[in-house]
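The following note sets out numbered remarks on the model, for consideration alongside the coordinates. The remarks address the pocket, the aromatic contacts and the cysteines.

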Amino acid sequence: MGLLASILRTGRKGVLAPEWVASLDGKITSQIACGFLDEESIVACTSTGNIYAVNSSGNTKWKFSSTKKITKEEEFFMEDGESSRLKSSPVIADIDKNGYGEVIFGSEHGTLYAVDCKGKLLWSFKASDAIGGSACVEDINNDGKLEILFGSSDGRFYALSGSGKLLWRFNANSGIESQPAALSGLKKSKKIVFGTNDGTLHCLNEKGKELWAFRSSDKITTQPSIGNLFSDTRKFIVFGSQDNSIYSLNEEGSLQWAYKTEGKIFSKAALADINNDNRLEVIFGSCDDKLHVLSSTGKKIWDYETNFWVVAPPIVSDFDNDHKLEISIGSYDNSIYILEAEGKYSLDYIPGISGITGQSGHYTDLVTSEPGDYIAKVLSAYKTDGIIVGQAAFESGKSIVAASETGKLYKLKYRGI
């Protein structure tokens, strides 16, 4: 190993290892949720139409079946097994203010369910077509009560009360698989933003009236991320599209910047200050197999290339309590990676060493970069038995739960060495 390679591989390292592995009864088909029910829990949906709640020890607390009989006409328009498969990611929220979390999720047969902390049905609401995206739970009108916001393949966007009553609906004229997000403005009420399958990002007020719309070139299935990118009063909306680009808009829907990748973007972006510059960086995965890290102005800081698509949203946290942030990413190459959030600063030329060397974002000695660039630094990786379809922070961000398509949940801990 050369001197430069030795220098690049010194410093922080660690071990990512499972505390337990839990097996469910079918493929996990969407992002998972972690949160408080009557205790800290993980909730996952499967291809068999069941939704599971698993406790912090990896034991199943309960399962709820969403399967239902469908008509021959409905069956004609569905692929085999589609009527039972759950593509909507679950959401945990205390919608009835009883101190316990409820689980809200949608089904391919168009039903939105609310299940209590014990796995008992509270209520259901029927849309006219599949609910493939997740709900957003927010108090959008500041009346002290939570509303439930979601879209459907029927082209409509719905707002329900916490008890499942329809408040209003908006006709988007295109199927909706994007999870909405709420944007707090200067006034008390909130704006709601969501994407549609025709590539439009819509912004509605709390009563369901459209305020503006922005058009990308392809389907939007990601949940928008909202944050003060420059640590001032301005809020920005960051979202990816299947046109391979990630966009940043201001609150009025005007484009601030766009960044082109080489693959479709299904991953919600994480916004975090990873380098202590008092600005939020944009961290997201793409089907070009990479994790991308951009500045608040949309400039590349560094990226890391795995061996397949990066679809699960990244997690930014101090997993090992060393007062430094790490990034967890899950890849379709079956692996979870822990990377140093700030990256590694690399000078390609070192006095006394002739020649210029390159470094790659891979788990190797040498990487390609311009002189003085930041590059990816992998701290550890763990290989599961299947592609990673979801991951979530658990135990206040001190552990990770990863979901494999094969139907397994992995609780993983990262420990620095």
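1. The largest pocket holds about 1,600 Å³ of space; this volume, like everything below, comes from a predicted model. Its lining comprises 50 residues, and those closest to the pocket centre are Ser30, Gln31, Ser89, Phe266 and Pro313.

2. Which strands each supply at least two residues of the lining of the largest pocket? They are S2 (33-36), S6 (91-93), S18 (225-227), S22 (270-272), S26 and S32 (388-394). Strand S32 gives the most, with four residues.

3. In chemical class, the lining of the largest pocket divides into 27 nonpolar, 16 polar and seven charged residues.

4. Across the whole structure, the search returns 17 aromatic pairs. One of them joins phenylalanine 125 to phenylalanine 150 in an edge-to-face arrangement, with 6.2 Å from centre to centre and 80 degrees between the planes. This pair links distant parts of the chain: phenylalanine 125 belongs to strand S9 (residues 121-126) and phenylalanine 150 to strand S11 (residues 147-151), with the two positions 25 residues apart in numbering. Both phenylalanine 125 and phenylalanine 150 are buried.

5. Why is the pair of phenylalanine 308 and tyrosine 332 edge-to-face? The ring planes of phenylalanine 308 and tyrosine 332 stand at 85 degrees, with centres 5.8 Å apart; because planes over 60 degrees apart count as edge-to-face, the pair falls in that class. Phenylalanine 308 sits in the loop between strand S25 (300-305) and strand S26 (315-317), while tyrosine 332 sits in the loop between strand S27 (326-330) and strand S28 (335-340), so the pair ties together parts that are 24 residues apart in sequence.

6. The two partners of that pair fall into separate exposure classes. Phenylalanine 308 has a relative accessible area of 35% and is therefore partly exposed, since that class lies between 20% and 50%. Tyrosine 332, with a relative accessible area of 18%, is buried, because the limit for that class is under 20%.

7. A further aromatic grouping deserves mention. Phe64, Phe105 and Tyr113 form one aromatic cluster.

8. How many disulfides does a search of the whole structure find? The result is zero. As to individual cysteines, is cysteine 136 buried or exposed? Cysteine 136 is buried, since its relative accessible area is 7%. Cysteine 34, by contrast, counts as partly exposed because its relative accessibility is 24%.

Note on methods
Residues numbered from 1 in each chain as written. Predicted model: local features only at pLDDT ≥ 70, side-chain atom pairs only at ≥ 80, totals over all residues. Heavy atoms only, no water. Disulfide = S-S within 2.5 Å. Buried < 20%, exposed > 50% of the residue type's maximum accessible area, 1.4 Å probe, protein only. Phe/Tyr/Trp six-rings, centres within 6.5 Å; stacked < 30°, edge-to-face > 60°. 1 Å grid on protein atoms, 1.4 Å probe; cavity = no way out; pocket = protein on both sides within 12 Å on 5 of 7 lines; lining within 4 Å. Points joined across faces, edges and corners; volume = space filled by probe spheres on them. Nonpolar A, V, L, I, M, F, W, Y, C, P; charged D, E, K, R; others polar.
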